[in-house]
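Hello,

Here is the structure I promised to pass on. My notes follow below it.

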Amino acid sequence: MIQFMRSLFTRSEASEDRIVVGTKPDVDVKEVTYVRDSKARLKELHHLCNRYKGTPHEVKIKAVYEKTQTIHDYLEGKKRGYELEIFHLRNTDHFINTFTVILDVFLQRENIAASPYRNGRTTSLPEKSRAFKNKHNLEEYRKIEMVRAISPPGPIFTPGTPERNIPQLTIPDISIDTSAKLLYYKEDAAGNLISREIGYTSSDLEKEGFLQYVSTCLGIRNVAYMGNALLSIFNNNGSQPTGLVPIVHWEGFLYALNLNDFRLFPVKISRK
């Protein structure tokens, strides 16, 4: 009996090819996660391409998708997942968010404009289209340049030095002006066009009134007002004047709001 037990629990020789259960495979878990997240972003970009089909931006969105795919393939092949993640955090995430917001707002405006005439009948106008009830006020408002070009106090560049190339397709660093206020125009209950001031030091009631006005004109909710900033911004007539514009926070990002045509431009606040 003793000999039988010894033979059962002892081995005469050990196998060199045995596999230990529970041994971790030689795989970098973080690398796998980075690649998986990158593929998810590529899928979102591809979906964005499909949404922009037939629009003037279709070719540009497709080019961004193809370049992003090339970068993904290269960095994945080099097993540089961390760099791939940094690239997406700095570029892809904000690109997807910005162009999704642009398209969503555009489609929302189209739906609101078409809704009173659906099914061959008219319905009450949505709140957004009541920004200006008086057509005369609307025409007067269109003549007002909310973003006016201003003259700088002195020469921007030192004489004799070459003029710098100013980048256009970047997210600018802005600084909130805590003292300056800007004018915006709205209608009162009687349908009269009136002006209002808004700034960083405005009262909570004044800020709430401005946010209601912005939400009505843009057709969005949960907007926060951050203050005003001095920057160059595109107008719908092709000009790019420099002036004070409001900065708003919406869906986790900061935007400069052009009050001439209510377009949002992504910005970030300088931390220097």
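**The sheet and its helix**

Strand S8 (residues 263-269) runs parallel to S1, joined by two bridges. Strands here are DSSP E runs of at least two residues, helices H or I runs of at least four, numbered from the N terminus. Pairing needs at least two DSSP bridges between two strands.

This is a predicted model: local features need pLDDT of at least 70, side-chain atom pairs count only at pLDDT 80 or more, and totals for chains, interfaces and linings use all residues. Residues are numbered from 1 along each chain as its sequence is written, and side-chain values use heavy atoms, without hydrogens and water.

Ile-174 sits opposite Ile-269 in S8. The full sheet is open, with six strands in the order S1-S8-S7-S6-S5-S2 and mixed pairing. S1 (173-174) and S2 (176-177) are the edges; each has a single partner strand, so one side of each lacks a neighbour in the sheet.

Helix H6 (residues 204-218) packs on this sheet. It touches S5 (224-232), S6 (242-250), S7 (253-258) and S8. Contact means heavy atoms within 4.5 Å. Buried residues of H6 (under 20% relative accessible area, 1.4 Å probe, protein chains only) include Phe-210, Leu-211 and Tyr-213. Gly-219 follows H6, with a positive phi near 75°.

**The helix pair**

Which residues of H2 meet H3? Among them are Val-35, Leu-42 and Cys-49. On the H3 side, Ile-61, Tyr-65 and His-72 are included.

Regards

Note on methods:
Axes fitted to C-alpha atoms, helices over the stretch in contact; angles between N-to-C directions. Buried < 20%, exposed > 50% of the residue type's maximum accessible area, 1.4 Å probe, protein only.
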